[in-house]
Structure formats: structure tokens, C-alpha cells
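Trainee: Please take a close look with me at one part of this model, the packing of its interior. I would like a connected account that gives the cut-off behind each term.

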Amino acid sequence: MVSISRKTELIQWLKQLDLLQAEQLQPLAGDVGLRKYYRFRSFERSLLAVVADPEQEKNEQFLYIARAYAQAGILVPQVEAVDLDQGFFGLRDFGSDLLAQ
């Protein structure tokens, strides 16, 4: 579970980037890892905010793989913003439809 202070820091970061107008982060369930995902709307777009503790997650590798997949033409969420020191990401959201179960 993400602590209240980490969520508050995430909200402040998103507001500084002018991505978040209201504090309406919807938690997403189902991730088996330590990353925590939140969905929010920004200027008529659906985005994901991600909290990934830099001491526990391999965030640089995550970014490397995401960029490599995108360059290879594989559809992956576009990285809109990142703060590796805090372990925060802003990603484009594909929506809530499941591709497989």
C-alpha cells in the first residue's frame, strides 16, 4: 500500500507538471508487483500515475524496455513524465478494457 505522504507527493508532482487539475486519482487494482497505479483525467486524456519505489523497483530498466518496445512498433503506454529520484511516472492510459483474462 502506498503511504498517504507518497500519494500526496505524487499529487504535488503531477500538479507541478500541470497534468493534474483536481486530486482525483482512482487506484487501480490487480498489479502483482510493488508498483501502484492510479488513473486520472488530464485535458481530456486518460493517464496513469505510477508510484514505483526507486529502492525496490528497476525503474531505469522499465523505461529502457518501454522505449525499445515503442521503437520496435509494439504498442506500449507512452511515457508522458518521469521522476526517477522519486519513482514517479505519468503514462498514457490504454483504457480499462482487458486484453486477456
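Mentor: What follows starts with the fold, then turns to the packing, and ends with the charged pairs.

The model is predicted, and for that reason local features need a pLDDT of at least 70 and side-chain atom pairs count only at pLDDT 80 or more, whereas totals for chains, interfaces and linings use all residues. Residues are numbered from 1 along each chain as its sequence is written, and side-chain values use heavy atoms, with hydrogens and water left out.

The chain has two helices and five strands, where helices (H or I, at least four residues) and strands (E, at least two) are DSSP runs numbered from the N terminus. Along the sequence their order is α-β-β-β-α-β-β. Of the 101 residues, 32% count as buried; buried stands for under 20% relative accessible area, exposed for over 50%, and partly exposed for the range in between, with a 1.4 Å probe and protein chains only. Among contacts (heavy atoms within 4.5 Å) with a separation of 6 or more, 46% come from residues 24 or more positions apart.

The part you asked about centres on the largest nonpolar core, which has 14 residues and in which Leu10, Leu14, Leu25 and Phe40 have the most contacts. A nonpolar core is here a set of buried Ala, Val, Leu, Ile, Met, Phe, Trp, Tyr and Cys residues joined through side-chain atoms within 4.5 Å. Helix H1 (4-16), strand S2 (36-42) and strand S3 (45-51) each give two or more residues to this core, and the largest share, four residues, comes from H1. Leu14 illustrates the packing: leaving aside neighbours within four places in sequence, Leu14 is in contact with Leu19, Leu20, Leu25, Phe40 and Ala49. Apart from this core lies another, of six residues, among them Leu48, Ala52, Leu63 and Phe89.

The strands that contribute to the largest core are also paired, in the sense that DSSP finds at least two bridges between two strands. S2 and S3 run antiparallel over seven bridges, and Phe40, one of the core residues with the most contacts, has Leu47 in S3 as its bridge partner. In the hairpin of S2 and S3, with two residues between the strands, Phe43 takes a positive phi near 50 degrees. Strand S1 (residues 26-28) pairs with S2 in the antiparallel sense over three bridges, and there Pro27 has Tyr38 of S2 as its bridge partner. In the loop between H1 and S1, Asp18 has a positive phi of about 60 degrees although it is not a glycine; with a relative accessible area of 48%, Asp18 is partly exposed.

Strand S4 (residues 79-83) pairs with S5 in the antiparallel sense over four bridges, and the partner of Val82 in S5 is Phe89, a residue that belongs to the six-residue core. Their hairpin has four residues between the strands, and Gly87 in it takes a positive phi near 80 degrees.

Aromatic rings add a further link. A search of the whole structure finds two aromatic pairs, counted when ring centres of Phe, Tyr and Trp (its six-membered ring) lie within 6.5 Å, with planes under 30 degrees apart called stacked, over 60 edge-to-face and the rest tilted. One of the two pairs is formed by Trp13 and Phe88, which are tilted at 5.6 Å centre to centre and 45 degrees between the planes. Because Trp13 lies in helix H1 and Phe88 in strand S5 (residues 88-92), the pair ties together parts that are 75 residues apart in sequence. Both Trp13 and Phe88 are buried.

Charged side chains also enter the interior. There are four salt bridges under the rule that a side-chain nitrogen of Lys or Arg lies within 4 Å of a carboxyl oxygen of Asp or Glu. Arg39 and Asp93 meet at 2.4 Å, N to O; Arg39 is in strand S2 and Asp93 in the segment after S5, 54 residues apart, and both are buried. Glu57 and Arg35 form another, with closest N and O atoms 3.7 Å apart, joining the loop between S3 and helix H2 (59-71) to the loop between S1 and S2 over 22 residues, and these two residues are buried as well. Glu80 and Arg92, by contrast, pair at 2.6 Å between strands S4 and S5, with Glu80 partly exposed at 26% relative accessibility and Arg92 partly exposed at 35%.
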